[in-house]
Amino acid sequence: MSLPDPSAVTPKVLGVDDFALRRGQHYGTVLVDCETGAPLELLPGRDSQTLADWLAAHPGVEVVCRDRSGAYAEGVRLGAPGATQVADRFHLWQNIAKAVERCVIRHRGCLRATEPGAPDSDTANLQSQQEEPAGRFAQRARLHHAKVQELLDQGHSIRGIARGLGCGQKTVQRYARAATWQDIVDGKWKGPRPSKLDPFKPYLQRRWESGCTNALQLHREIIALGYPGAYGQVRAYFEQRRFTPEPIAPTPPTVRQITGWLTRHPDTLSEDDRPRLKAVLEQCPALCAAAGHVRAFGDVVTKLKGQLLPEWIAAVRADDLPGLTSFANGLQSDLDAVTAGLTTTWNSGPVEGRGNHIKMIKRQMFGRVSLALLRKRVLLTAVRH
């Protein structure tokens, strides 16, 4: 505590954010030079007057990067009225994610029966006969089969191919003997393999429909007809017919799942999530409109097209979507800062990183630290450029 504070100059680009001394009870404000990443000051509280007083005592700040806090916006307006306020893009995306969640909650009635219907057994069997196998195993089998066949044509031995590909000889033999790669995945993507009971199933079907449901008696009858299998297979066949369970109804997606689908880039959705999201959007036109607005806003954020923001706000207001309309109104009230955040390269990244540094120092002291000691340690242990 007796060490002097490091010398610091008034920055041109200032980053402002809050941090917790005791979460939920006591907070402070950290000020960071966004050009160098160096911490400048830790202020008590997170009210507008404290920030305004510091800015008035340190004239020369030209740009202030902040979150969507109204208190910090007011503090900058009072302490540095000539500075350009920049709303951070990360916090903007957090805000729209919360708005989308509120919109999804208001349309929970559309979430029922939105799962893609599961095909019945006959349709599934027909599709399995007509469609090509898909998935990671099928793709791997196709590539390995082509590679093994190519190496065999070049005159390589099974052992040499196995050594070169780093797999077992039996695996290479299986690919070498298969005429096509579909033969490799035959048992993994189609239905169950043929059994010894298949030729006798029509007879068992007729006897079952005629009223004979005694599996032991039917087993004796097909034994006389040449069935070489055991009684257990016949019993299992009839048990499946007696106790065919009803298909389990798919669980509708949760609000959190749909919010995640809508706020993530479409290219990052998994193969399972895409049809589920499509079913939701087809069932609920309001969420389909919300998805369009979210993607348009994502394009504005990632490509820094802040000049298109008024047009986006007008489109959201026209659809009058719950949650999103409130978010658009909030952007309108803070339009200059939001536009600056979506057109310039300045952001609150250095401030967020310094927040992690503060948490680390607090953990080193088991959370028992005064603001004065925390301030001194942050200022003295920060890497300065």
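I take contact to mean heavy atoms within 4.5 Å. With that, I looked up Arg66, which touches Val16, Tyr72, Ala73, Gln85, Val86, Ala87, Asp88, Asp334, Ala337 and Ser348, leaving out residues up to four places away in sequence. The model is a predicted one.

**Entry 1. Arg66**

I placed Arg66 in strand β4. Is Arg66 buried or exposed? I found a relative accessible area of 1%; the cut-off for buried is under 20%, so Arg66 counts as buried. I then looked for a polar partner of the side chain, and noted a polar contact of 2.9 Å with the side chain of Asp334. Asp334 also appears in the list of residues that Arg66 touches.

**Entry 2. Confidence and the chain as a whole**

I checked pLDDT before going further. The mean over the chain is 84, and 87% of the residues reach at least 70. Where is confidence lowest and where is it highest? I found the lowest mean, 45, in helix α4 (residues 121-130), and the highest, 94, in strand β4 (residues 63-66). Arg66 from the entry above sits in that strand, β4.

I marked residues 118-130, where pLDDT stays under 50. For this stretch the model has four contacts beyond four places in sequence. Where pLDDT is low, predicted coordinates should not be read in detail. I therefore did not read the coordinates there in detail.

For the overall make-up I noted 20 helices and five strands. The chain has 385 residues, and 38% of them count as buried. Of the contacts with a separation of 6 or more, 61% are between residues 24 or more positions apart.

**Entry 3. Glu41**

I went next to Glu41, in strand β3 (residues 39-44). Its relative accessibility is 15%, and with buried set at under 20%, Glu41 counts as buried. Which side chain does the side chain of Glu41 meet in a polar contact? I found Arg375, at 2.4 Å. Not counting residues up to four places away in sequence, I listed Thr29, Val30, Leu31, Trp54, Arg375 and Leu379 as touching Glu41.

**Entry 4. The largest pocket**

I looked up the largest pocket and noted a volume of about 500 Å³. Its lining has 18 residues, and Asp18, Phe19, Ala20, Glu352 and Lys359 are the ones nearest the centre. By class, I recorded eight nonpolar, four polar and six charged residues in the lining.

Which element gives the largest share of the lining? I found that α19 does, with seven residues. The elements that each supply at least two lining residues are β1 (13-22), β2 (26-33), α3 (89-106) and α19 (349-364).

**Entry 5. Pro350**

I stayed with α19 for one residue, Pro350, which is found in that helix. Pro350 has a relative accessible area of 26% and is partly exposed. Setting aside neighbours within four places in sequence, I listed Val32, Cys34 and Gly37 as its contacts. I also took a distance from Pro350 to Pro39: the two are 311 residues apart along the chain, and their C-alpha atoms are separated by 9.2 Å.

**Entry 6. Positive phi**

I searched for residues other than glycine with a positive phi and noted Leu304 and Asp320. For Leu304 the value is about 55 degrees; for Asp320 phi is near 50 degrees. Leu304 lies in the loop between α15 (285-302) and α16, and Asp320 in the loop between α16 and α17 (324-333). How exposed is each? I read 27% for Leu304, which is partly exposed, and 56% for Asp320, which is exposed.

**Entry 7. Ala315 and Gly168**

I looked at Ala315 in helix α16 (residues 309-319). Ala315 is partly exposed, at a relative accessible area of 32%. From Ala315 to His293 I noted 22 residues in sequence and 8.1 Å in space, C-alpha to C-alpha.

I ended with Gly168, in the loop between α6 (158-165) and α7 (169-177). Gly168 has a relative accessible area of 38%, so I logged this glycine as partly exposed. Gly168 and Ile158 are ten residues apart in sequence, and their C-alpha atoms are 9.5 Å apart.

Terms used
Residues numbered from 1 in each chain as written. Predicted model: local features only at pLDDT ≥ 70, side-chain atom pairs only at ≥ 80, totals over all residues. Heavy atoms only, no water. Helix = DSSP H or I, 4+ residues; strand = E, 2+ residues; numbered from the N terminus. Buried < 20%, exposed > 50% of the residue type's maximum accessible area, 1.4 Å probe, protein only. Polar contact = N/O pair within 3.5 Å; in protein donor to acceptor, adjacent residues only side chain to side chain. pLDDT = per-residue confidence, 0-100. 1 Å grid on protein atoms, 1.4 Å probe; cavity = no way out; pocket = protein on both sides within 12 Å on 5 of 7 lines; lining within 4 Å. Points joined across faces, edges and corners; volume = space filled by probe spheres on them. Nonpolar A, V, L, I, M, F, W, Y, C, P; charged D, E, K, R; others polar.
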